[in-house]
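Let's take a walk through this structure together, moving from one residue out to the whole chain and back in again. Have the viewer ready, and turn the model as we go.

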Amino acid sequence: MKAGIASLKPSTSFFQPAMFEDPYPIYSVFRKTDPVHWDEGLEAWVLTRYEDVAFVLNDHRFSSDRIAVGRKLHPMPEFEPLFDHLSHLMLQHDEPTHKHLRAIVHDAFTRSAMKRWESVIQYRVDDLLEIAVDLGKMEFLVDFAIPLPVMVISELVGIPIEDRTQVKAWCDDFAFVATNFYAEITDEQLQRGLQSVDAFRKYLRHQAERIAPGADMTLLELMVQSQGTDAEFSYDELIANCMLLLTAGNETTTNLLGNGLIALLENRDQLSRLNKDPSLIPSAVEECLRYDSPLQFVGRIALEEVAIGSRTIRPGDLVLVMLGSANRDPERFPSPDEFDIARPNNHHLAFGHGPHFCVGSQLSRMEATIAFRTLLPHMESMKVKTQDLRHQQNYNLRCFQNIPLKFSQSP
Ligand code: HEM
(Lines give C-alpha, C1' and ligand atoms only; values in the text may rest on other atoms or scores of the structure.)
Protein backbone atom coordinates (compact mmCIF):
# COMPACT_ATOMS: atom_id res chain seq x y z
CA MET A 1 0.00 0.00 0.00
CA LYS A 2 1.29 3.46 -0.82
CA ALA A 3 1.28 6.64 1.18
CA GLY A 4 -1.68 8.96 0.72
CA ILE A 5 -2.24 12.71 0.58
CA ALA A 6 -0.25 14.64 3.16
CA SER A 7 1.82 11.65 4.22
CA LEU A 8 4.54 12.86 1.86
CA LYS A 9 4.92 16.21 3.57
CA PRO A 10 7.35 15.87 6.47
CA SER A 11 5.97 18.55 8.74
CA THR A 12 2.77 20.45 8.90
CA SER A 13 1.32 21.73 12.12
CA PHE A 14 -1.64 19.38 11.82
CA PHE A 15 -0.27 16.11 10.45
CA GLN A 16 2.42 14.68 12.72
CA PRO A 17 4.10 11.24 12.62
CA ALA A 18 2.64 10.36 16.05
CA MET A 19 -0.73 10.24 14.27
CA PHE A 20 0.23 7.11 12.36
CA GLU A 21 -0.20 5.03 15.50
CA ASP A 22 -2.87 7.07 17.27
CA PRO A 23 -4.33 10.26 15.77
CA TYR A 24 -7.19 10.57 18.27
CA PRO A 25 -5.47 12.51 21.12
CA ILE A 26 -4.18 15.05 18.54
CA TYR A 27 -7.62 15.40 16.93
CA SER A 28 -9.00 16.03 20.40
CA VAL A 29 -6.57 18.92 21.01
CA PHE A 30 -7.51 20.55 17.67
CA ARG A 31 -11.26 20.08 18.30
CA LYS A 32 -10.85 21.96 21.59
CA THR A 33 -8.35 24.64 20.62
CA ASP A 34 -8.45 25.22 16.85
CA PRO A 35 -11.34 23.33 15.25
CA VAL A 36 -11.19 25.33 12.00
CA HIS A 37 -7.43 25.22 11.54
CA TRP A 38 -5.50 26.93 8.72
CA ASP A 39 -2.44 24.80 8.00
CA GLU A 40 0.44 26.76 6.44
CA GLY A 41 2.31 23.60 5.43
CA LEU A 42 -0.66 22.05 3.68
CA GLU A 43 -2.09 25.36 2.50
CA ALA A 44 -5.47 24.00 3.50
CA TRP A 45 -8.10 24.29 6.17
CA VAL A 46 -8.45 21.30 8.50
CA LEU A 47 -11.84 20.84 10.20
CA THR A 48 -12.15 18.46 13.14
CA ARG A 49 -15.62 18.94 14.73
CA TYR A 50 -18.57 16.74 13.75
CA GLU A 51 -20.91 19.67 13.20
CA ASP A 52 -18.48 21.50 10.88
CA VAL A 53 -17.54 18.36 8.94
CA ALA A 54 -21.20 17.44 8.34
CA PHE A 55 -21.95 21.05 7.38
CA VAL A 56 -19.22 21.27 4.73
CA LEU A 57 -20.09 17.89 3.20
CA ASN A 58 -23.71 18.95 2.75
CA ASP A 59 -23.20 22.53 1.54
CA HIS A 60 -23.13 23.30 -2.20
CA ARG A 61 -20.63 26.14 -1.62
CA PHE A 62 -17.97 23.46 -1.13
CA SER A 63 -17.12 21.76 -4.39
CA SER A 64 -15.87 18.24 -5.07
CA ASP A 65 -14.33 19.35 -8.36
CA ARG A 66 -10.61 19.32 -7.61
CA ILE A 67 -9.46 18.82 -11.21
CA ALA A 68 -8.53 22.48 -11.72
CA VAL A 69 -6.20 22.31 -8.71
CA GLY A 70 -4.52 19.19 -10.16
CA ARG A 71 -4.13 20.82 -13.59
CA LYS A 72 -2.57 23.90 -12.00
CA LEU A 73 -0.08 21.80 -10.03
CA HIS A 74 0.84 19.62 -13.03
CA PRO A 75 0.32 21.77 -16.13
CA MET A 76 2.24 19.52 -18.58
CA PRO A 77 0.18 18.52 -21.66
CA GLU A 78 1.10 14.83 -21.26
CA PHE A 79 -1.04 14.69 -18.08
CA GLU A 80 -4.09 16.08 -19.83
CA PRO A 81 -5.55 12.61 -20.70
CA LEU A 82 -5.32 11.67 -17.03
CA PHE A 83 -7.14 14.79 -15.84
CA ASP A 84 -9.65 14.28 -18.61
CA HIS A 85 -10.28 10.75 -17.33
CA LEU A 86 -10.55 11.88 -13.69
CA SER A 87 -13.03 14.54 -14.75
CA HIS A 88 -15.55 11.78 -15.63
CA LEU A 89 -15.70 10.45 -12.07
CA MET A 90 -18.86 11.14 -10.05
CA LEU A 91 -16.55 11.94 -7.11
CA GLN A 92 -15.25 15.03 -8.95
CA HIS A 93 -18.62 16.57 -9.80
CA ASP A 94 -21.13 18.85 -8.17
CA GLU A 95 -24.87 18.94 -8.92
CA PRO A 96 -26.50 18.49 -11.38
CA THR A 97 -23.82 16.45 -13.24
CA HIS A 98 -22.97 14.49 -10.10
CA LYS A 99 -26.54 13.25 -9.68
CA HIS A 100 -26.64 12.23 -13.33
CA LEU A 101 -23.41 10.21 -13.09
CA ARG A 102 -24.40 8.64 -9.79
CA ALA A 103 -27.70 7.49 -11.27
CA ILE A 104 -25.74 5.17 -13.59
CA VAL A 105 -24.80 2.94 -10.66
CA HIS A 106 -27.56 3.73 -8.16
CA ASP A 107 -29.92 0.84 -8.95
CA ALA A 108 -27.14 -1.72 -8.81
CA PHE A 109 -26.19 -0.68 -5.25
CA THR A 110 -29.49 -0.49 -3.39
CA ARG A 111 -29.91 -2.69 -0.32
CA SER A 112 -32.30 -5.02 -2.19
CA ALA A 113 -29.96 -5.28 -5.20
CA MET A 114 -27.12 -6.14 -2.85
CA LYS A 115 -29.15 -9.01 -1.31
CA ARG A 116 -28.50 -11.21 -4.32
CA TRP A 117 -24.75 -11.06 -3.70
CA GLU A 118 -25.01 -12.35 -0.12
CA SER A 119 -24.35 -15.99 -1.05
CA VAL A 120 -21.35 -14.99 -3.19
CA ILE A 121 -19.80 -13.14 -0.24
CA GLN A 122 -20.54 -16.00 2.19
CA TYR A 123 -18.93 -18.48 -0.19
CA ARG A 124 -15.74 -16.38 -0.45
CA VAL A 125 -15.58 -15.78 3.33
CA ASP A 126 -15.98 -19.53 4.07
CA ASP A 127 -13.34 -20.40 1.52
CA LEU A 128 -10.74 -17.94 2.86
CA LEU A 129 -11.40 -18.87 6.49
CA GLU A 130 -11.34 -22.62 5.95
CA ILE A 131 -7.77 -22.51 4.65
CA ALA A 132 -6.64 -20.42 7.65
CA VAL A 133 -8.37 -22.55 10.27
CA ASP A 134 -6.85 -25.70 8.77
CA LEU A 135 -3.41 -24.12 9.01
CA GLY A 136 -4.08 -22.86 12.57
CA LYS A 137 -2.78 -19.38 11.65
CA MET A 138 -3.19 -16.55 9.17
CA GLU A 139 -1.92 -13.11 8.25
CA PHE A 140 -5.35 -11.55 8.54
CA LEU A 141 -4.78 -8.76 6.01
CA VAL A 142 -2.98 -10.73 3.29
CA ASP A 143 -5.01 -13.93 3.71
CA PHE A 144 -8.45 -12.46 4.32
CA ALA A 145 -9.11 -8.72 4.49
CA ILE A 146 -7.26 -7.78 1.27
CA PRO A 147 -8.49 -10.58 -1.04
CA LEU A 148 -12.14 -10.55 0.12
CA PRO A 149 -13.19 -7.08 -1.17
CA VAL A 150 -11.19 -7.58 -4.40
CA MET A 151 -12.88 -10.93 -5.07
CA VAL A 152 -16.34 -9.59 -4.26
CA ILE A 153 -16.21 -6.40 -6.35
CA SER A 154 -14.51 -8.23 -9.24
CA GLU A 155 -17.31 -10.79 -9.22
CA LEU A 156 -20.00 -8.09 -9.04
CA VAL A 157 -18.49 -6.15 -11.93
CA GLY A 158 -17.76 -9.31 -13.94
CA ILE A 159 -13.94 -9.41 -14.04
CA PRO A 160 -12.72 -12.92 -14.97
CA ILE A 161 -10.65 -14.67 -12.28
CA GLU A 162 -7.49 -14.80 -14.41
CA ASP A 163 -7.45 -10.98 -14.80
CA ARG A 164 -7.96 -10.06 -11.13
CA THR A 165 -4.32 -9.72 -10.08
CA GLN A 166 -3.65 -7.30 -12.93
CA VAL A 167 -6.89 -5.41 -12.22
CA LYS A 168 -5.92 -5.06 -8.54
CA ALA A 169 -2.52 -3.58 -9.55
CA TRP A 170 -4.22 -1.04 -11.85
CA CYS A 171 -6.72 -0.26 -9.07
CA ASP A 172 -3.89 0.50 -6.63
CA ASP A 173 -2.22 2.91 -9.09
CA PHE A 174 -5.54 4.52 -9.95
CA ALA A 175 -6.54 4.91 -6.28
CA PHE A 176 -3.23 6.57 -5.50
CA VAL A 177 -3.60 9.09 -8.32
CA ALA A 178 -7.31 9.72 -7.68
CA THR A 179 -6.75 10.54 -3.99
CA ASN A 180 -3.54 12.54 -4.35
CA PHE A 181 -3.57 14.42 -7.66
CA TYR A 182 -4.77 17.71 -6.17
CA ALA A 183 -2.10 17.86 -3.48
CA GLU A 184 1.08 15.89 -2.93
CA ILE A 185 2.17 13.80 -5.89
CA THR A 186 5.30 13.83 -8.05
CA ASP A 187 5.29 13.96 -11.84
CA GLU A 188 6.83 10.44 -11.88
CA GLN A 189 3.97 9.07 -9.78
CA LEU A 190 1.49 10.84 -12.01
CA GLN A 191 3.20 9.36 -15.08
CA ARG A 192 2.87 5.84 -13.67
CA GLY A 193 -0.79 6.49 -12.82
CA LEU A 194 -1.36 7.71 -16.35
CA GLN A 195 0.04 4.49 -17.86
CA SER A 196 -2.02 2.27 -15.55
CA VAL A 197 -5.21 4.24 -16.10
CA ASP A 198 -4.72 4.02 -19.85
CA ALA A 199 -4.23 0.23 -19.77
CA PHE A 200 -7.12 -0.22 -17.31
CA ARG A 201 -9.41 1.88 -19.51
CA LYS A 202 -8.60 -0.13 -22.63
CA TYR A 203 -9.18 -3.37 -20.73
CA LEU A 204 -12.60 -2.31 -19.37
CA ARG A 205 -13.67 -1.02 -22.75
CA HIS A 206 -12.81 -4.38 -24.27
CA GLN A 207 -14.76 -6.18 -21.51
CA ALA A 208 -17.78 -3.92 -21.97
CA GLU A 209 -17.82 -4.48 -25.71
CA ARG A 210 -17.69 -8.26 -25.27
CA ILE A 211 -20.81 -8.46 -23.10
CA ALA A 212 -23.22 -10.88 -24.71
CA PRO A 213 -26.94 -10.08 -24.41
CA GLY A 214 -28.55 -12.28 -21.77
CA ALA A 215 -25.32 -12.94 -19.88
CA ASP A 216 -25.40 -12.80 -16.05
CA MET A 217 -26.38 -9.37 -14.86
CA THR A 218 -22.99 -8.13 -13.70
CA LEU A 219 -22.53 -4.50 -12.73
CA LEU A 220 -20.75 -3.85 -15.98
CA GLU A 221 -23.71 -5.19 -17.89
CA LEU A 222 -26.15 -3.12 -15.83
CA MET A 223 -24.07 -0.04 -16.58
CA VAL A 224 -23.84 -0.80 -20.29
CA GLN A 225 -27.62 -1.28 -20.34
CA SER A 226 -28.27 2.00 -18.58
CA GLN A 227 -25.98 3.71 -21.09
CA GLY A 228 -28.21 2.34 -23.86
CA THR A 229 -31.20 4.09 -22.30
CA ASP A 230 -29.44 7.38 -21.57
CA ALA A 231 -28.09 9.30 -24.53
CA GLU A 232 -26.31 11.86 -22.33
CA PHE A 233 -24.20 9.26 -20.64
CA SER A 234 -20.95 8.67 -22.55
CA TYR A 235 -18.79 5.61 -22.84
CA ASP A 236 -15.90 7.44 -21.15
CA GLU A 237 -18.16 8.16 -18.19
CA LEU A 238 -19.17 4.52 -17.99
CA ILE A 239 -15.57 3.29 -18.04
CA ALA A 240 -14.30 5.89 -15.56
CA ASN A 241 -17.05 5.18 -13.04
CA CYS A 242 -16.70 1.43 -13.42
CA MET A 243 -13.00 1.88 -12.60
CA LEU A 244 -14.05 3.92 -9.56
CA LEU A 245 -16.33 1.12 -8.32
CA LEU A 246 -13.57 -1.44 -8.72
CA THR A 247 -11.18 0.76 -6.77
CA ALA A 248 -13.09 2.70 -4.11
CA GLY A 249 -14.11 -0.24 -1.97
CA ASN A 250 -10.87 -2.22 -1.82
CA GLU A 251 -8.58 -0.63 0.75
CA THR A 252 -11.47 0.95 2.64
CA THR A 253 -13.22 -2.39 3.23
CA THR A 254 -9.89 -4.07 4.04
CA ASN A 255 -9.35 -1.41 6.70
CA LEU A 256 -12.85 -1.85 8.12
CA LEU A 257 -12.19 -5.59 8.53
CA GLY A 258 -8.67 -5.16 9.97
CA ASN A 259 -9.39 -2.25 12.30
CA GLY A 260 -12.70 -3.82 13.35
CA LEU A 261 -11.15 -7.18 14.20
CA ILE A 262 -8.46 -5.55 16.35
CA ALA A 263 -11.01 -3.33 18.13
CA LEU A 264 -12.97 -6.46 19.04
CA LEU A 265 -9.88 -8.38 20.19
CA GLU A 266 -8.67 -5.43 22.28
CA ASN A 267 -12.08 -5.02 23.91
CA ARG A 268 -12.76 -8.56 25.13
CA ASP A 269 -15.83 -7.51 27.14
CA GLN A 270 -17.43 -6.35 23.88
CA LEU A 271 -16.38 -9.56 22.13
CA SER A 272 -18.04 -11.68 24.86
CA ARG A 273 -21.15 -9.52 24.55
CA LEU A 274 -21.19 -10.17 20.78
CA ASN A 275 -20.70 -13.89 21.31
CA LYS A 276 -23.68 -13.95 23.66
CA ASP A 277 -25.82 -11.92 21.25
CA PRO A 278 -24.68 -12.18 17.60
CA SER A 279 -27.72 -10.15 16.54
CA LEU A 280 -25.56 -7.17 17.57
CA ILE A 281 -23.19 -7.76 14.63
CA PRO A 282 -24.65 -5.05 12.32
CA SER A 283 -24.48 -2.57 15.21
CA ALA A 284 -20.89 -3.69 15.97
CA VAL A 285 -19.95 -3.04 12.32
CA GLU A 286 -21.26 0.55 12.66
CA GLU A 287 -19.19 0.99 15.81
CA CYS A 288 -16.07 -0.32 14.04
CA LEU A 289 -16.68 2.27 11.29
CA ARG A 290 -17.04 5.05 13.85
CA TYR A 291 -14.33 4.04 16.31
CA ASP A 292 -11.45 3.63 13.84
CA SER A 293 -12.67 4.98 10.50
CA PRO A 294 -11.05 3.42 7.41
CA LEU A 295 -10.86 6.77 5.60
CA GLN A 296 -9.82 9.63 7.88
CA PHE A 297 -10.59 12.64 5.67
CA VAL A 298 -11.90 13.94 2.35
CA GLY A 299 -11.24 17.25 0.56
CA ARG A 300 -13.42 20.04 -0.82
CA ILE A 301 -12.77 23.38 -2.56
CA ALA A 302 -14.64 26.47 -1.34
CA LEU A 303 -16.57 28.20 -4.15
CA GLU A 304 -17.61 31.23 -2.11
CA GLU A 305 -16.57 32.99 1.05
CA VAL A 306 -17.99 31.01 4.00
CA ALA A 307 -17.69 31.79 7.70
CA ILE A 308 -17.29 28.82 10.04
CA GLY A 309 -17.03 29.76 13.70
CA SER A 310 -14.72 32.79 13.86
CA ARG A 311 -12.81 31.86 10.66
CA THR A 312 -13.49 32.89 7.08
CA ILE A 313 -12.85 30.41 4.31
CA ARG A 314 -12.10 32.09 0.97
CA PRO A 315 -13.09 31.03 -2.55
CA GLY A 316 -10.55 28.55 -3.94
CA ASP A 317 -9.35 27.35 -0.52
CA LEU A 318 -8.80 23.62 -0.04
CA VAL A 319 -10.73 22.26 2.97
CA LEU A 320 -9.89 18.88 4.54
CA VAL A 321 -12.75 17.52 6.62
CA MET A 322 -11.60 14.98 9.20
CA LEU A 323 -14.14 12.14 9.31
CA GLY A 324 -12.06 10.22 11.87
CA SER A 325 -12.07 13.18 14.23
CA ALA A 326 -15.78 13.97 13.73
CA ASN A 327 -16.52 10.38 14.71
CA ARG A 328 -14.76 10.90 18.06
CA ASP A 329 -16.38 14.26 18.84
CA PRO A 330 -17.79 14.18 22.41
CA GLU A 331 -20.37 16.83 21.41
CA ARG A 332 -21.93 14.18 19.15
CA PHE A 333 -20.98 10.82 20.73
CA PRO A 334 -21.05 10.27 24.52
CA SER A 335 -17.76 8.65 25.71
CA PRO A 336 -16.42 8.71 22.13
CA ASP A 337 -13.17 6.87 22.93
CA GLU A 338 -15.07 3.85 24.26
CA PHE A 339 -15.79 0.99 21.89
CA ASP A 340 -19.47 0.14 22.45
CA ILE A 341 -20.95 -2.40 20.02
CA ALA A 342 -24.51 -1.44 20.99
CA ARG A 343 -24.02 2.34 20.75
CA PRO A 344 -27.40 4.03 20.14
CA ASN A 345 -27.85 6.76 17.47
CA ASN A 346 -24.53 5.92 15.87
CA HIS A 347 -24.79 8.37 12.97
CA HIS A 348 -21.09 8.34 12.15
CA LEU A 349 -19.55 10.00 9.08
CA ALA A 350 -17.26 7.13 8.02
CA PHE A 351 -19.11 6.88 4.68
CA GLY A 352 -19.25 10.65 4.26
CA HIS A 353 -22.42 12.71 4.28
CA GLY A 354 -24.63 14.57 1.81
CA PRO A 355 -24.70 14.08 -1.97
CA HIS A 356 -21.45 12.06 -2.17
CA PHE A 357 -22.42 9.61 0.60
CA CYS A 358 -20.66 6.34 -0.23
CA VAL A 359 -22.32 4.36 -3.02
CA GLY A 360 -20.83 1.10 -1.72
CA SER A 361 -21.88 1.50 1.94
CA GLN A 362 -24.43 -1.35 1.78
CA LEU A 363 -21.95 -3.63 0.07
CA SER A 364 -19.15 -3.07 2.56
CA ARG A 365 -21.58 -3.32 5.50
CA MET A 366 -22.76 -6.65 4.12
CA GLU A 367 -19.19 -7.89 3.60
CA ALA A 368 -18.21 -6.93 7.15
CA THR A 369 -21.40 -8.40 8.68
CA ILE A 370 -20.90 -11.74 6.93
CA ALA A 371 -17.16 -11.75 7.67
CA PHE A 372 -17.57 -10.99 11.40
CA ARG A 373 -20.52 -13.43 11.72
CA THR A 374 -18.37 -16.20 10.24
CA LEU A 375 -15.24 -15.23 12.19
CA LEU A 376 -17.09 -14.80 15.51
CA PRO A 377 -16.97 -18.46 16.66
CA HIS A 378 -13.18 -18.36 16.14
CA MET A 379 -12.44 -14.95 17.65
CA GLU A 380 -12.12 -16.01 21.30
CA SER A 381 -9.45 -18.47 20.22
CA MET A 382 -7.49 -15.91 18.15
CA LYS A 383 -4.11 -14.95 19.55
CA VAL A 384 -2.70 -11.63 18.32
CA LYS A 385 0.04 -9.62 20.02
CA THR A 386 -1.87 -6.37 19.62
CA GLN A 387 0.87 -4.39 21.37
CA ASP A 388 3.29 -5.32 18.53
CA LEU A 389 1.01 -4.19 15.69
CA ARG A 390 2.05 -1.12 13.68
CA HIS A 391 0.03 1.10 11.35
CA GLN A 392 0.77 2.07 7.77
CA GLN A 393 2.43 5.49 7.48
CA ASN A 394 -0.64 7.04 5.94
CA TYR A 395 -2.67 9.88 7.45
CA ASN A 396 -5.75 9.12 5.39
CA LEU A 397 -6.16 5.37 4.93
CA ARG A 398 -6.02 4.00 8.45
CA CYS A 399 -4.68 0.49 8.34
CA PHE A 400 -2.33 -1.92 10.12
CA GLN A 401 0.86 -3.02 8.35
CA ASN A 402 0.04 -6.65 9.11
CA ILE A 403 -2.05 -8.70 11.53
CA PRO A 404 -0.44 -12.09 12.16
CA LEU A 405 -2.73 -14.30 14.23
CA LYS A 406 -2.93 -17.87 15.51
CA PHE A 407 -5.91 -19.96 16.52
CA SER A 408 -5.18 -21.46 19.95
CA GLN A 409 -7.84 -24.16 19.55
CA SER A 410 -10.70 -25.10 17.30
CA PRO A 411 -14.06 -23.64 18.27
C1 HEM B 1 -17.74 7.69 -1.69
C2 HEM B 1 -15.92 5.69 2.37
C3 HEM B 1 -16.63 1.27 0.49
C4 HEM B 1 -17.71 3.29 -3.75
C5 HEM B 1 -17.23 7.51 -0.40
C6 HEM B 1 -17.03 8.58 0.54
C7 HEM B 1 -16.51 8.02 1.66
C8 HEM B 1 -16.40 6.60 1.44
C9 HEM B 1 -16.08 8.75 2.93
C10 HEM B 1 -17.38 10.05 0.34
C11 HEM B 1 -16.29 10.77 -0.45
C12 HEM B 1 -16.54 12.26 -0.54
O13 HEM B 1 -17.47 12.79 0.06
O14 HEM B 1 -15.75 12.93 -1.24
C15 HEM B 1 -15.97 4.32 2.20
C16 HEM B 1 -15.62 3.36 3.25
C17 HEM B 1 -15.84 2.11 2.71
C18 HEM B 1 -16.30 2.29 1.34
C19 HEM B 1 -15.14 3.72 4.63
C20 HEM B 1 -15.67 0.76 3.34
C21 HEM B 1 -15.69 0.53 4.63
C22 HEM B 1 -17.01 1.42 -0.82
C23 HEM B 1 -17.31 0.34 -1.73
C24 HEM B 1 -17.58 0.93 -2.94
C25 HEM B 1 -17.49 2.35 -2.76
C26 HEM B 1 -17.32 -1.16 -1.38
C27 HEM B 1 -17.96 0.32 -4.26
C28 HEM B 1 -18.17 -0.90 -4.53
C29 HEM B 1 -17.80 4.64 -3.55
C30 HEM B 1 -18.13 5.59 -4.61
C31 HEM B 1 -18.14 6.85 -4.01
C32 HEM B 1 -17.81 6.66 -2.60
C33 HEM B 1 -18.42 5.25 -6.07
C34 HEM B 1 -18.44 8.18 -4.69
C35 HEM B 1 -19.86 8.59 -4.43
C36 HEM B 1 -20.20 9.94 -5.04
O37 HEM B 1 -19.31 10.68 -5.45
O38 HEM B 1 -21.41 10.23 -5.10
N39 HEM B 1 -16.86 6.32 0.18
N40 HEM B 1 -16.35 3.64 1.08
N41 HEM B 1 -17.13 2.61 -1.47
N42 HEM B 1 -17.62 5.32 -2.37
FE43 HEM B 1 -17.07 4.46 -0.64
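Which residues does H356 touch, not counting residues up to four places away in sequence? They are S64 and L91. Keep in mind while looking at them that this is a predicted model. To find H356, go to the loop between α18 (323-326) and α19. Although it sits in a loop, H356 counts as buried, because it has 20 C-beta neighbours inside 10 Å, and 20 is the number at which a residue is called buried. You can also use H356 to gauge a distance across the fold: V46 is 310 residues away from it in sequence, and their C-alpha atoms are 19 Å apart in space.

Now step back to the whole chain. It holds 19 helices and 10 strands. Its radius of gyration is 21 Å, close to the 22 Å that the globule rule gives for 411 residues, so the chain is as compact as a globular protein of that length. Along the principal axes, the C-alpha trace spans about 60 × 60 × 35 Å. Of the 411 residues, 42% are buried. Contacts between residues 24 or more positions apart make up 75% of those with a separation of 6 or more.

The ligand is a good next stop. It is surrounded by 26 residues, and the closest of these are G249, T252, G352, C358 and G360. Three helices, α14 (235-248), α15 (250-266) and α19 (361-379), each supply at least two residues of this shell. Sorted by class, the shell has 17 nonpolar, 8 polar and 1 charged residues.

Let's stay with α15 for a moment, since G258 lies in this helix. Is G258 buried or exposed? It counts as buried, because 26 C-beta neighbours lie inside 10 Å. Leaving aside neighbours within four places in sequence, G258 is in contact with F140, L141 and A145, and also with C399, F400 and I403. N402 is 144 residues from G258 along the chain, yet their C-alpha atoms are separated by 8.9 Å.

Next comes α11 (residues 164-180), a helix of 17 residues. From its first C-alpha to its last it reaches 24 Å, close to the 24 Å expected at 1.5 Å a residue. Its buried residues include V167, W170, C171 and D173, as well as F174 and F176. The buried residues of α11 pack against α5 (80-86), α10, α12 (187-210), α14 and α15. Two of those partners, α14 and α15, were introduced above as suppliers of the ligand shell.

We finish with α8 (residues 118-135). Its 18 residues should span 26 Å at 1.5 Å a residue, and its end C-alpha atoms are 26 Å apart, which agrees. The buried residues of α8 are I121, R124 and V125. They cover an arc of only 95° around the axis, which puts them on the same side of the helix. That buried set packs against α10 (147-157) and α19. Turn the helix over, and the face away from the buried side carries the exposed residues S119, D126, D127, E130, I131 and D134. Just after α8, G136 takes a positive phi of about 80°.

Notes: Residues are numbered from 1 along each chain as its sequence is written. This is a predicted model: local features need pLDDT of at least 70, side-chain atom pairs count only at pLDDT 80 or more; totals for chains, interfaces and linings use all residues. A residue is near a molecule or strand if its C-beta atom, placed from the backbone, lies within 6 Å of it. Helices (H or I, at least four residues) and strands (E, at least two) are DSSP runs, numbered from the N terminus. Ala, Val, Leu, Ile, Met, Phe, Trp, Tyr, Cys and Pro count as nonpolar, Asp, Glu, Lys and Arg as charged, and the others, Gly among them, as polar. The expected span of a helix is 1.5 Å times one less than its number of residues. A residue is buried if 20 or more other C-beta atoms lie within 10 Å of its own, exposed if 12 or fewer, and partly exposed in between; C-beta atoms are placed from the backbone. The arc is that of the directions from the helix axis to the C-beta atoms. Two residues are in contact if their C-beta atoms, placed from the backbone, lie within 7 Å. The radius of gyration is taken over C-alpha atoms; the globule rule is 2.2 Å times the number of residues to the power 0.38.
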